[in-house]
Amino acid sequence: MDEITIKKIGAMIKEARKTNGYSLEDVQLMLKSKLNISLDLSNISRYEAGTVKNMNAKFLRGLCKVNGIDYINVFKQLGFVDNDLIPNAKLLPEETLINIPVMAKASAGNGYINFSNQPLYNKLIRKNGFHEHCYLIEVSGNSMEPLIQDGAYVVVDPYQTDYTEGKVYVIKYADEVYIKRVILKTDANLMILKSINPDYEDIYITGDESEQIKIIGRAVKFIYEGNL
């Protein structure tokens with residue numbers, strides 16, 4: 001492997017990590033939790049410094065993925081892959097991708113989400129009509145099954161706050177934030193925050209309590225990257 005190329009790639013990984021606002025510990029945790037890759041902090045630093053002479057493809061791919069870097073392009077630079085050997089590989093042009101923040105994790109069965117004022121981390125996704133003010137909620141556990149699986153991401157549009165029957169919204173109620181399907185029963189002066197997972201209880205809100213409700217965005221799509 002060319003030493004100059006290795007150092008260039010290491011610097012790119014380090015720059016991406018810092019742009020994303022990640023610490024070395026954050027990268028280590030994401031490698032383990034998302035990709036089941038165990039890499040100690042000293043080795044992560046060595047990859048970033050470009051002092052690993054024989055880069056491990058699995059570790060390099062993981063470092064690229066958690067930092068939102070196109071690993072296929074990196075592999076090409078290192079000679080790991082050749083265009084003639086991957087005729088079906090199609091790299092997305094830059095303008096079809098968007099880097100948006102993950103603002104919360106939905107982990108509790110009742111639909112409660114630990115919403116943050118600052119991004120937990122950023123993720124590169126296909127643009128697909130989403131705008132730069134959209135954000136993601138990471139789904140952990142069975143909180144949104146069977147509709148949305150563990151490990152998926154929900155795309156939330158903060159501009160869509162008008163009520164549409166049966167849609168899924170991010171809602172602030174009684175100083176807590178939830179992701180729920182919203183159902184209005186106008187004849188009974190009742191709002192139901194319906195759990196995505198039917199194993200968990202719904203929340204019933206009467207007219208007197210409706211002033212405590214604020215819709216802060218609509219869930220417009222989910223993204224799931226399953227492992228083989």
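This briefing covers the fold, the charged contacts, the ring contacts and some local backbone features of the chain. The model is predicted. The chain has 228 residues, and 38% of them are buried. Its secondary structure amounts to five helices and nine strands. Three salt bridges turn up in a search of the whole structure.

**Overall fold and surface**

- In sequence order, the elements run α-α-α-α-α-β-β-β-β-β-β-β-β-β, so the helices precede the strands, with helices and strands being DSSP runs numbered from the N terminus.
- Of the contacts between residues at least 6 apart in sequence, 56% connect residues at least 24 apart.
- The exposed area of the chain is about 13300 Å², and 47% of this area comes from carbon and sulfur atoms.

**Salt bridge between Arg 17 and Glu 48**

- Arg 17 and Glu 48 form a salt bridge through their side chains, with an N to O distance of 2.5 Å.
- This pair links distant parts of the chain, 31 residues apart: Arg 17 belongs to helix α1 (residues 3-20) and Glu 48 to helix α3 (residues 41-49).
- Arg 17 has a relative accessible area of 8% and is therefore buried, the limit being under 20%.
- Glu 48 is also at 8% relative accessible area, so this residue is buried.

**Salt bridge between Lys 34 and Glu 138**

- A salt bridge joins the side chains of Lys 34 and Glu 138, at 3.3 Å from N to O.
- The two residues are 104 residues apart and link distant parts of the chain, Lys 34 being in helix α2 (residues 24-35) and Glu 138 in strand β3 (residues 135-139).
- Lys 34 is partly exposed because its relative accessible area is 28%, which lies between the 20% and 50% limits.
- Glu 138, by contrast, is buried, with a relative accessible area of 12%.

**Salt bridge between Lys 194 and Asp 202**

- Lys 194 and Asp 202 form a salt bridge in which the closest N and O atoms are 3.3 Å apart.
- Asp 202 counts as partly exposed because its relative accessibility is 21%, and buried would require under 20%.
- Lys 194 is likewise partly exposed, at 34% relative accessibility.

**Ring contacts and the nonpolar patch**

- The structure contains one aromatic pair.
- The ring of Tyr 71 has the charged end of Arg 61 over it, at 5.0 Å from the ring centre.
- Leu 147, Phe 222 and Tyr 224 make up a nonpolar surface patch of about 270 Å².
- Within this patch, Phe 222 is located in strand β9 (residues 213-223).
- Phe 222 has a relative accessibility of 37% and so counts as partly exposed; this value also meets the patch criterion, because patch residues need over 30% relative accessible area.

**Positive phi outside glycine**

- Asn 36 is not a glycine, yet its phi is positive, near 55 degrees.
- Asn 36 sits in the loop between α2 and α3.
- At 56% relative accessibility, Asn 36 counts as exposed, because the limit for that class is over 50%.
- Asp 175, also a residue other than glycine, has a positive phi of about 70 degrees.
- The loop between β5 (168-173) and β6 (176-185) holds Asp 175.
- Asp 175 has a relative accessible area of 70%, so this residue is exposed.

**Positions close in space but apart in sequence**

- Leu 97 is part of strand β1 (residues 97-106), and its relative accessible area of 28% makes it partly exposed.
- The C-alpha atoms of Leu 97 and Leu 124 are 6.5 Å apart, while the two residues are separated by 27 residues along the chain.
- Asp 40 lies in the loop between α2 and α3 and is partly exposed, at 38% relative accessibility.
- From C-alpha to C-alpha, Asp 40 and Glu 25 are 9.0 Å apart in space, and in sequence they are 15 residues apart.

Terms used:
Residues are numbered from 1 along each chain as its sequence is written. This is a predicted model: local features need pLDDT of at least 70, side-chain atom pairs count only at pLDDT 80 or more; totals for chains, interfaces and linings use all residues. Side-chain values use heavy atoms; hydrogens and water are left out. Rings of Phe, Tyr and Trp (its six-membered ring) pair if their centres lie within 6.5 Å; planes under 30 degrees apart count as stacked, over 60 as edge-to-face and the rest as tilted. A charge sits over a ring if NZ of Lys or CZ of Arg is within 6 Å of the ring centre and within 35 degrees of the ring normal. Patches are made of residues with over 30% relative accessible area and no salt bridge: like charges are joined within 9 Å, nonpolar side chains (Val, Leu, Ile, Met, Phe, Trp, Tyr) within 5 Å. Accessible areas come from the Shrake-Rupley method with a 1.4 Å probe; for residues, only the protein chains shown count as cover. A salt bridge is a side-chain nitrogen of Lys or Arg within 4 Å of a carboxyl oxygen of Asp or Glu. Helices (H or I, at least four residues) and strands (E, at least two) are DSSP runs, numbered from the N terminus. Buried means under 20% relative accessible area, exposed over 50%, partly exposed in between (1.4 Å probe, protein chains only). Contact means heavy atoms within 4.5 Å.
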